[in-house]
Amino acid sequence: MKLSPGDFVDVIAPSSPPQNREWKKGRAILESWGLKVRFSEENLKAWSFHAGTNKHDGSL
């Protein structure tokens, strides 16, 4: 699959939440390629040692 400017990219945190703000750099790179980044703030929350909860906040 090839991505093109204007395509959506969903950023997820399948295990633990990011420990720093490096994820913002990655988001900026994707946006500089013309991609539309969807990122849930739930990814930044900690639930035990996982990222977020199993609830969907509707932002994606």
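In this predicted model, R27 and E31 form a salt bridge, with the closest N and O atoms 3.3 Å apart. Both residues sit in helix α1, 4 residues apart, or about one turn of the helix. Neither partner is hidden away: R27 comes out as partly exposed at 26% relative accessibility, and E31 is partly exposed too, with a relative accessible area of 39%.

Stepping back to the whole chain, the secondary structure amounts to 1 helix and 4 strands, laid out along the sequence as β-α-β-β-β. The chain has 60 residues, and 22% of them count as buried. Its accessible surface is about 4,700 Å², with 56% of that belonging to carbon and sulfur atoms. As for contacts with a separation of 6 or more, 59% come from residues 24 or more positions apart.

Strand β1 (residues 8-11) and strand β2 run parallel and are joined by 4 bridges. One bridge partnership pairs F8 with K36 of β2. Strand β2 itself, residues 36-39, has two faces: V37 and F39 make up the covered one, while K36 and R38 make up the uncovered one.

The uncovered face of β2 brings up the charged pairs again. Side chains of opposite charge can pair when their charged atoms come close, and the chain has 2 salt bridges in total. Besides the pair within the helix, R38 bridges to D10, the closest N and O atoms being 2.7 Å apart. Because R38 lies in strand β2 and D10 in strand β1, this pair ties together parts that are 28 residues apart in sequence. R38 is partly exposed, at a relative accessible area of 28%, and D10 is likewise partly exposed, at 39%.

On the covered face of β2, F39 takes part in an aromatic pair. The count for the chain is 1 such pair. The rings of F39 and W23 have their centres 4.4 Å apart and their planes at 10°, so the two are stacked. This pair, too, links distant parts of the chain, with W23 in helix α1 (residues 22-32) and F39 in strand β2, 16 residues apart. Both rings belong to residues under the 20% cut-off for burial: W23 is buried at 17% relative accessibility, and F39 is buried at 11%.

Taken together, strand β2 has a salt bridge to strand β1 through R38 and D10, and an aromatic link to helix α1 through F39 and W23.

How values were computed
Residues numbered from 1 in each chain as written. Predicted model: local features only at pLDDT ≥ 70, side-chain atom pairs only at ≥ 80, totals over all residues. Heavy atoms only, no water. Buried < 20%, exposed > 50% of the residue type's maximum accessible area, 1.4 Å probe, protein only. Pairing = 2+ DSSP bridges. Contact = heavy atoms within 4.5 Å. Areas by Shrake-Rupley, 256 points an atom, 1.4 Å probe, with all protein chains shown as cover. Phe/Tyr/Trp six-rings, centres within 6.5 Å; stacked < 30°, edge-to-face > 60°. Salt bridge = Lys/Arg side-chain N within 4 Å of Asp/Glu carboxyl O.
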